[in-house]
Amino acid sequence: MFVGAAGRWCRRIAERREKDAEGGRPVNHCTCRWNSSSVGERIRQYTVGKKIHGFTVNQVTAVPDLFLTAVKLNHDNTGAQYLHIARDDPNNLFSVQFRTTPLNSTGVPHILEHVVLCGSEKYQCRDPFFKMLTRSLATFMNAFTASDYTMYPFSTQNSKDFQNLLSVYLDAAFFPCLRELDFWQEGWRLEHETPDDPGSPLVFKGVVFNEMKGVFANNENLYAQHLQNKLLPDHTYSVISGGDPLHIPKLTWEELKSFHATHYHPSNARFFTYGDLPLEQHLQQIQEEALCKFHNIDPGTSVPIQPRWSEPRECHVTCGPDSLAPDPAKQTTYSVSFLLGDITDSFETFTLSLLSSLLVSGPNSPFYKALIDTRIGTDFSPSVGYDGSTREACFSVGLQGIAEHDIKTVKQIITKIIDEVIENGFEEERIEALLHKVEIQLKHQTTHFGLALATYVATNWNHDGDPVEMLRISEKVARFRQSLKDNPHFLQDKVKQYFKENPHQLALSMSPDVGYLENQTKVEKGKLQEKVNSLSLEERQEIYKKGLELIAAQSTSQDASSLPALEISDIQQTFPLTPVEMSYVGEVPVQYCSQPTNGIVYFKAFTNLNTLPEELKPYVPLFCNVITRMGCGNLDYRQQDQQIELKTGGMAVSPKILQDNDNLDMYEQGVLFTSLCLDRNLPDMMQLWMDIFNSPRFEDEEHLRVLVMMAAQELANGIPDSGHQYAAVRAGKTLTSAGRLQEMFNGISQVQHMKRIAEKPELLSVLRKLPRIKMHLLNNENMRCSVNATTQVIAEASKEVEKFIRNIPGFGKKKKDKKLIRSNITEKALNPEEAGGEVSAGSGATKKLVFEPTFKACQMKTHFQLPFPVNYVSECVRTVPYMNPDFTKLHVLARLLTAKFLHREIREKGGAYGGGVNLSHSGLFTFYSYRDPNSIDTISAFRRSVDWAKAGKFTQEDIDEAKLSVFSTVDAPVAPSDKGLDRFLYGISDEMKQKRREELFAVDHGGLVGVANKHLTTGHSTWGAAILGPENESIARDPTWVQR
Ligand SMILES: [Zn+2]
């Protein structure tokens, strides 16, 4: 996960579990209505001064906009701070954060974050954190290291689970074992390349060591890190809290333990709870299991204010060249950054963040016009805009993808724009659009609201700001409006003060150096050599012994029985249904779903691309990317953007491949339109969609180039962070016909395709393809729509949707007149209740699927040689579609293999940041590893896991844990905006889900061994593999691998 100026490092791959069989969307749910609910009643018992379980209440504040009440408390004996947010939401969250302010780049807070979760006094077994993943119904579990704090959050909807997890988290944070073996495994160690071969060379290993190598393989991360270090050079922000791979091997185990003793103390802790569970119970548990054992100390962790510079500074750094850069001759990044004010001033923070948006967000902002539209570079520089992740906030603006000689031009433009803004200010309509955005954000219920709040207040609170003050957003909006009224130059004055007259500014440039990676490797080798040379014979023997010891520890089966766990009987047999209503406008089906949406309407539409000629298909992602950004009707692209900002919460289009539930050779191919707006703005939003469908503007080649460059840059930058996904998509390319299209739309092929477009000297030929694609996609002939809104609004919404459908191309055309352009299209009933047989054309609502019965899956192994210091490895197996009874077994098996085999082999022993296997709706059983020092060995671990499964070497407890883990995704909360989406997209009804659920309960040992034999045996099934990573001799020698 990447936030703010520098990175934030997590304990495990963020959001991994959400990408799963149930459609792969993020999730949430909360009814979030503030009424005389139990939560409200209960919270009224808390009054200022009241003492409960060692805590004293010192503030109770209702925040009606967010339907919540905030209770602030202090722990009497230790001074620990506590914030409880009472809200009628069952997705309860806990988090504890510590202020961690390192003064070197050994990554001590980050390694500590990993190691504390490896075992504690009460829970001695190795790695309770990962073990709890399969013993609970947690909707979220992770840990983060930011620049100046470390945070441990989890959420769950089950109260027993909450207590279980709280107990494990408290014990981990306050009483960890911090064993030396765990430090070696998670942090760094010297070990023989092959640990049981003392003749093999000594190398550096360790999870964080490899994780951080992967982080800085991404040039954007590298730039952002340099920027923070150099703009705030005098204290903790001058070092890398996550760890510099070249400095990590300096950290000792003793230093790690002493950092824990001083920083992980209640006097340096902030506790946060959220949700509908009673506060009193949390306080009691926290007091009894942790805080009662401590006394007050002065942790001395506060961060001093950065001494201000009297002169602006300049700095230059280098990075590795990017082989996927849109223009290899333009790979320089340059920005100017300004140190702003103290973030604990919450109104100033609010104002400056709005001001920053006005300066850099969207095509109407002055910096976009002056920097992006002039096409000097490909995109804004990393960390552009406001950044409040440090004690004092920063603002940064600049470009990436520029030629080195353009640095001066960029600099001049920045100065000029600042002067112009001071002179002219901002248009009133843009300010309105921004405040409208704030309003929508308040009402739109995203997934994991509790987690969003916890991270929203974390930085400010970390520096002793008032977290409750931050939540009172409506009051800030009002004060902001008043300030503008009182002083029309309010914003201009701020620009003058913080930008024009601020000498604390840094001009940072970064350009590639061909020898960069080689040099990094050389330095690392030098450090290694230095360490190795200094070893005595005993020390060498000790290392060999320790290596064996670690393997032995990793290999012994662990008694996890001390850990609390939910049982299968804690899971409900059924789940709450989501009723939807279908209606038709002509032949266009519209699905309505009444939900408590807080006054927001969510409109979605899906159209298929069956008639689109093959040669246009690779351009569909580009088409989707630009179609809401090129202008429409009477609006040019700037006016269109303004209108979208003023009237909606966003309008987006994306390609979608929907695998059929019954047949792996069948899928729907199309495009999904999504949007949201306040109830009152629905007519305006539907008018915008109508204009986009009827008269999108495809005339501005210059603007298209801007969008193409940004898209190409974004894709290239995304590979180091999502390498495992690219590897997985590639590995699945030859296994299903949907997989082939997936690779074209979302794989490395698409990245390369965009790069080729970006390199074209003229884009007229590309521009001319867009209206052709439009003809096939933007009509209602094969469309279906869905609306999620409050009950009261649905009648009004249906009128607007009907008007839209009647007024876009294709309406009223008889289906019979239309010939299917390709013979391989088949029809299926749209409503799952009617599905089951194929339907003759024209009888009721249908969807048209691509059907390729003659598709032959074949094995293909591809190695993409990329200049990364780590690998991303994936292997896919073609298995069964969603409705096949074996699907559920394979789904459980995937969790079982991940938790009981692959985690140990790939992460613990192999030193990769992550690894496991997923089964998605695509029917592909997908093994993966992330930031992995190994490649071929990892593939062999994938294969061994299958042998392990076939041998049936797992217990009933293992199976139950894997089931729990599947249920935690199946039952994960869904946001009101996404209710009914599985039905709308995939035709999965509640009845079908219930059937899967019953099968899930019934999965047993024999069934799991059976599916492993039946579907995962080479020879019976087809496998595909892909590796993204550095040059590799053994792969190069192996003729079964294709090198790219
Ligand atoms: Zn980490």
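How many residues lie between β8 and β9 in the hairpin that they form? Select both strands to see the answer: the hairpin of β8 and β9 has three residues between them. Keep in mind throughout that this is a predicted model.

**Stop 1: strand β9 and its partners**

Stay with β9 and select residues 149-156. Eight of the eight residues of this strand are buried, so β9 is largely enclosed by the rest of the structure. Colour the two faces separately: Y149, M151, P153 and S155 lie on one side, T150, Y152, F154 and T156 on the other, and all are buried. The split follows a general pattern. In a regular strand the side chains alternate between the two faces of the sheet.

Now add the partners of β9. Strand β8, residues 144-145, pairs with β9 in the antiparallel sense over two bridges, and F144 stands opposite M151. Strand β7, residues 140-141, is also antiparallel to β9, again with two bridges. Strand β6, residues 92-99, runs antiparallel to β9 and is joined to it by eight bridges. Centre the view on F154 of β9: F94 stands opposite it, and M141 stands opposite it as well.

**Stop 2: helix α2**

Select residues 108-116, helix α2. Nine of its nine residues are buried, so this helix is largely enclosed by the rest of the structure. The buried set includes H110, E113 and H114 along with V108, I111 and L112.

**Stop 3: a lysine over a tryptophan**

Next select W253 and K257. K257 lies over the face of W253, 3.5 Å from the ring centre.

**Stop 4: two loops with positive phi**

Go to the loop between α14 (449-462) and α15 (467-471), where D464 is found. Its phi is near 65°, a positive value in a residue other than glycine.

Then move to the loop between β20 (588-594) and β21 (600-608), which holds N598. This residue, also not a glycine, has a positive phi near 60°. Buried or exposed, where does N598 fall? N598 has a relative accessible area of 9% and is buried, because the cut-off for buried is under 20%.

**Stop 5: the six-stranded sheet**

Select β27 to β32 together. These strands belong to an open sheet of six strands in the order β29-β30-β28-β31-β27-β32, with mixed pairing. At the edges are β29 and β32 (1041-1043), each of which pairs on one side only. From one strand to the next the twist averages 15°.

Isolate the edge strand β29, residues 914-919: six of its six residues are buried. G914, G916 and N918 point one way, and G915, V917 and L919 point the other way. β29 pairs with β30 (residues 924-932) in the antiparallel sense over six bridges, with G914 opposite Y930. The hairpin of β29 and β30 has four residues between the strands, and in it G923 takes a positive phi near 80°.

Moving inward, β28 (residues 871-878) and β30 are antiparallel, with seven bridges. Here E875 of β28 stands opposite F927 of β30.

**Stop 6: aromatic pairs**

The structure has 39 aromatic pairs by the ring-centre rule. One to display is F868 with Y872: the ring centres are 6.0 Å apart and the planes are at 80°, so the pair is edge-to-face. F868 is buried at 11% relative accessibility, and Y872 is buried at 0%. Another is F925 with F927, with centres 5.6 Å apart and planes at 80°, so this pair is also edge-to-face. Both F925 and F927 are buried.

**Stop 7: helices α23 and α24**

Return to the sheet and add helix α23, residues 701-731. The helix lies across β27 (860-865), β28, β30 and β31 (1023-1029), at about 25° to β28.

Which helix has an axis that comes within 8 Å of the axis of α23? Select α24, residues 737-746: the two axes come within 8 Å and cross at roughly 145°. Show side chains for Y726, V729 and R730 of α23 and for Q742, E743 and N746 of α24, which make the contact. By class, these are two nonpolar, two polar and two charged residues.

**Last stop: an arginine over a phenylalanine**

Finish with R784 and F984. The charged end of R784 sits over the ring of F984, 5.7 Å from its centre.

Technical notes
Residues are numbered from 1 along each chain as its sequence is written. This is a predicted model: local features need pLDDT of at least 70, side-chain atom pairs count only at pLDDT 80 or more; totals for chains, interfaces and linings use all residues. Side-chain values use heavy atoms; hydrogens and water are left out. Buried means under 20% relative accessible area, exposed over 50%, partly exposed in between (1.4 Å probe, protein chains only). Two strands pair if DSSP finds at least two bridges between them. Rings of Phe, Tyr and Trp (its six-membered ring) pair if their centres lie within 6.5 Å; planes under 30 degrees apart count as stacked, over 60 as edge-to-face and the rest as tilted. A charge sits over a ring if NZ of Lys or CZ of Arg is within 6 Å of the ring centre and within 35 degrees of the ring normal. Axes are lines fitted to C-alpha atoms, for helices over the stretch in contact, and angles run from 0 to 180 degrees between N-to-C directions. Contact means heavy atoms within 4.5 Å. Ala, Val, Leu, Ile, Met, Phe, Trp, Tyr, Cys and Pro count as nonpolar, Asp, Glu, Lys and Arg as charged, and the others, Gly among them, as polar.
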